[in-house]
Each structure stands twice: as C-alpha cells, then as structure tokens.
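Biologist: Could you pick one part of this model, take a close look at it, and then work outwards from there?

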Amino acid sequence: MTNGHGADGDRDRQSDGSGNGDSDGNGSGDSAAAREAVRVDRVMDGLRAFGANYTEFTRRFATWLGLHSTDAAALVEILYAEDQGTPLSPARLSERVSLSSGATAILLKRLEQAGHIVRTRESADRRVVTLRSSPGIRPRAIAFFGPYSERMAEAMAAYSPQEIQQFENFLGTLRTTMDALLAHEYEGGGPTPPTP
C-alpha cells in the first residue's frame with residue numbers, strides 16, 4: 001500500500017495515448033509532483049522497513065531469553081523507560097504494548113516470576129506501582145542490544161547535529177500525526193466503512 005499512488009509509487013495518471021502517461025502530452029505536467037510522490041513513498045517504505053527490523057530485533061531478544069514476543073516487547077519498554085529516567089507504571093506499560101490492564105497484569109506476573117522485573121512503590125502515593133528491571137536482566141539486555149546501539153550510533157555520527165535535529169523534528173511530526181489518527185479517526189478500531 002502506498003500513499004495514494006500507484007504500486008510503483010507514481011501517481012495514477014490518465015494516459016494521453018502517447019505512452020508517457022502525462023495528460024498534457026508534453027511529459028512535464030505531473031513530473032515534479034510524481035518525483036515528490038516517489039520520494040515520499042521511499043521515505044515511508046524506509047520507515048516501515050526500520051520498524052519491521054526493530055520488531056525482528058525484539059522477536060530475537062524474546063527467543064534469546066526464552067520469552068513470548070509480547071513479554072519481550074514489554075520488557076524492552078520497561079528497560080527503555082528506565083534508561084530515560086521515566087520508569088513505567090503498569091497503566092503506562094499497558095498503553096505502550098496495547099494490552100488491556102488485565103492482560104498486562106498477567107504479563108507482569110510472568111516477567112516477575114521469571115526474575116526479569118520487580119515492582120516498587122517509589123511515589124509519595126503508595127498506591128502507585130513502578131516497574132523496574134531486575135539486576136540480573138540488565139547485563140543480558142546490554143549484551144544483546146550492545147551491537148545494535150553501537151552500530152546505530154556509528155550510523156548517526158555521519159550526520160551533522162543540524163541534520164539529526166531536522167530528522168528528530170520530522171519524526172516528532174510523524175508521531176504527533178499518528179497519535180492524533182489513533183485518538184480520532186481510528187479510535188474505534190478504524191474509520192467508518194463506506195456505505196455499499
């Protein structure tokens with residue numbers, strides 16, 4: 001699926017019979033727009049491929065630890081949030097991994113029994129539970145994701161701070177757009193199907 005363009009990323013255009021696919025016959029009418037559409041599609045394809053690769057890393061992490069992939073994805077979220085200095089509550093983890101509170105509670109019990117996480121009460125409000133990685137799992141996670149982190153850092157070092165900032169802004173815009181779509185157009189699971 002592309003961004004409303006044809007399978008080759010080009011715009012669907014009416015042919016004028018000349019074989020060039022441009023409705024004005026001179027080949028220049030849609031050429032700039034078509035090139036831009038192809039470029040946008042290439043960026044989106046790259047983002048999809050990166051997302052698929054990251055999912056595969058998580059799947060292999062799960063296999064490496066002998067966990068279900070959903071449990072490993074939750075563990076990665078707990079480790080990442082902890083690294084960022086913003087450890088998760090069960091409710092926040094539930095949002096991150098798109099599980100119900102009940103399913104998240106079962107998942108956390110499995111991770112706790114496996115010795116991968118601990119639940120703490122660090123807030124002044126003692127009802128608030130904070131999820132932390134266990135001392136034993138962090139070295140294993142570092143061992144697994146170490147090569148990934150090193151190679152990603154090397155790749156990004158080829159770009160200037162200004163370019164990285166532009167890319168960060170771009171990703172921020174995409175994330176905000178996706179959040180808005182999920183909260184509105186896709187709130188009930190998807191857009192309203194067209195009437196037959």
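**From a loop to the core and the rings**

Modeller: Let's start with Ser 98, which lies in the loop between H3 and H4 (helices are DSSP runs of H or I with at least four residues, strands are runs of E with at least two, both numbered from the N terminus). Its phi is near 55°, a positive value in a residue other than glycine. Ser 98 counts as exposed, because its relative accessibility is 66% (buried is under 20% relative accessible area, exposed over 50%, partly exposed in between, with a 1.4 Å probe and protein chains only).

A word on ground rules: this is a predicted model, so local features need pLDDT of at least 70 and side-chain atom pairs count only at 80 or more, while totals for chains, interfaces and linings use all residues. Residues are numbered from 1 along each chain as its sequence is written, and side-chain values use heavy atoms, leaving out hydrogens and water.

Stepping back, the protein chain has six helices and two strands, running α-α-α-α-β-β-α-α from the N terminus on. Of its 196 residues, 23% count as buried. H3 and H4, on either side of our loop, are among the elements that give two or more residues to the largest nonpolar core, alongside H1, H2 and H5 (such a core joins buried Ala, Val, Leu, Ile, Met, Phe, Trp, Tyr and Cys residues through side-chain atoms within 4.5 Å). H2 (69-83) gives the most, with seven residues. The core has 25 residues, and Phe 61, Leu 75, Ile 78, Leu 93, Leu 108 and Leu 111 touch the most other members. Leaving aside residues up to four places away in sequence, Ile 78 touches Leu 88, Leu 93, Leu 108, Leu 111, Ile 117, Leu 131, Arg 132 and Ser 133 (a contact means heavy atoms within 4.5 Å).

Phe 61 also takes us to the rings, as Tyr 54, Phe 57, Phe 61, Trp 64, Phe 144, Phe 145 and Tyr 148 form one aromatic cluster. The model has nine aromatic pairs (ring centres of Phe, Tyr or the six-membered ring of Trp within 6.5 Å; planes under 30 degrees apart are stacked, over 60 edge-to-face, the rest tilted). Phe 57 and Tyr 148 are edge-to-face, 5.0 Å centre to centre with 65° between the planes. That pair links distant parts of the chain, from helix H1 to helix H5, 91 residues apart. Phe 57 is partly exposed at 33%, whereas Tyr 148 is buried at 17%. Trp 64 and Phe 144 have their centres 5.2 Å apart and their planes at 45°, so this pair is tilted. Here too H1 is linked to H5, with Trp 64 and Phe 144 80 residues apart. Trp 64 is partly exposed at 43%, while Phe 144 counts as buried at 18%. Trp 64 has another partner: the charged end of Arg 140 sits over its ring, 5.8 Å from the centre (NZ of Lys or CZ of Arg within 6 Å of the ring centre and within 35 degrees of the ring normal).

How far to trust the coordinates? The mean pLDDT (the predictor's confidence in each residue, from 0 to 100) is 85, and 85% of the residues reach 70 or more. Go easy on residues 1-25, though, where pLDDT stays under 50.
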